[in-house]
Amino acid sequence: MTTAAPAALPPRAERVAIISLLLVFLCGAGLGAVAMSYWTRHRPVHVVRTSGGAMNMSVDELKEQLNLTDEQTRQMQSLLDDFSHYYDDVLSFGSAKIMTILNDDQKTRFKELIRKHKLLQDHSR
């Protein structure tokens, strides 16, 4: 009965390269997780529209600036979520009504304009 010889380790340079690659990967994953965590906590959640235009504000910012209680913060989040859904419904309804008056070529171009506008809006956030 023969026993298997222990696996030979790769040369030192290869081990260093593998460990370095692994460390870079882990650092990148960690930094990405921290950045995503920060972004989700500090990103503007809602656009508050006023007569003077629009302001991007997060619920966290409103809580801090207005010294809201936890219950007020929960209610604020709920109200802004409801408004956001209402606004989305209004936009969808308006787009559907616009589509009824356009010909096929115009519908295609309108959809492309909406797509480009959404891309620009997403990049500006």
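These are my notebook entries on a predicted model of a protein chain.

**Entry 1: the overall layout**

I started with the secondary structure, and the protein chain has four helices and two strands. Going along the sequence, I read the order as α-β-β-α-α-α. Next I looked up burial: of the 125 residues in the protein chain, 9% are buried. The accessible surface came out at about 10900 Å², and carbon and sulfur atoms account for 63% of that. I also checked how far apart in sequence the contacts reach. Taking contacts between residues at least 6 apart, 15% join residues at least 24 apart.

**Entry 2: helix H3**

How many residues does H3 have, and what does it span? I get 32 residues, with 47 Å from the first C-alpha to the last. That is close to the 46 Å expected at 1.5 Å a residue. H3 covers residues 70-101. I then went looking for its buried residues and noted Thr73, Leu80 and Met99.

**Entry 3: Thr73**

I picked Thr73 from that set for a closer look. Threonine 73 sits in helix H3, and its relative accessible area is 12%, so it counts as buried, the cut-off being under 20%. What does its side chain reach at 2.8 Å? The partner is the backbone oxygen of threonine 69. Leaving out residues up to four places away in sequence, I found threonine 73 touching Val59, Lys63 and Leu68.

**Entry 4: Lys63 again, now with Asp70**

Lys63, one of the residues touched by threonine 73, turned up again when I searched for salt bridges. The whole structure has four of them. In one, lysine 63 pairs with aspartate 70, and their closest N and O atoms are 3.0 Å apart. Are the two ends buried or exposed? Aspartate 70 is exposed, at 59% relative accessibility. Lysine 63 has a relative accessible area of 31%, so I logged it as partly exposed.

**Entry 5: salt bridges along H4**

I moved on to helix H4, residues 104-124. Arginine 109 and aspartate 105 form a salt bridge there, 2.9 Å from N to O. Why does the spacing come to about one helical turn? Because the two residues are four apart in helix H4. Arginine 109 is exposed at 52% relative accessibility, while aspartate 105 is partly exposed at 46%.

The other H4 pair I wrote down is glutamate 112 with arginine 115, whose side chains meet at 2.6 Å, N to O. These two are three residues apart in helix H4, again about one turn. I have glutamate 112 as partly exposed, with a relative accessible area of 31%. Arginine 115 is partly exposed too, with 43%.

**Entry 6: a nonpolar patch**

Last, I checked the surface for nonpolar residues. Which residues form a nonpolar patch there? I found Phe83, Tyr86, Tyr87, Val90 and Leu91, together giving about 490 Å² of accessible area. Phenylalanine 83 belongs to helix H3. Its relative accessible area is 42%, so phenylalanine 83 is partly exposed. That clears the cut-off for patch members, which is over 30%. So H3 holds phenylalanine 83 from this patch, at 42%, as well as threonine 73, which is buried at 12%.

Definitions and conventions: Residues numbered from 1 in each chain as written. Predicted model: local features only at pLDDT ≥ 70, side-chain atom pairs only at ≥ 80, totals over all residues. Heavy atoms only, no water. Patch = residues over 30% accessible without salt bridge, like charges linked within 9 Å, V, L, I, M, F, W, Y side chains within 5 Å. Areas by Shrake-Rupley, 256 points an atom, 1.4 Å probe, with all protein chains shown as cover. Salt bridge = Lys/Arg side-chain N within 4 Å of Asp/Glu carboxyl O. Buried < 20%, exposed > 50% of the residue type's maximum accessible area, 1.4 Å probe, protein only. Expected span 1.5 Å × (residues − 1). Contact = heavy atoms within 4.5 Å. Polar contact = N/O pair within 3.5 Å; in protein donor to acceptor, adjacent residues only side chain to side chain.
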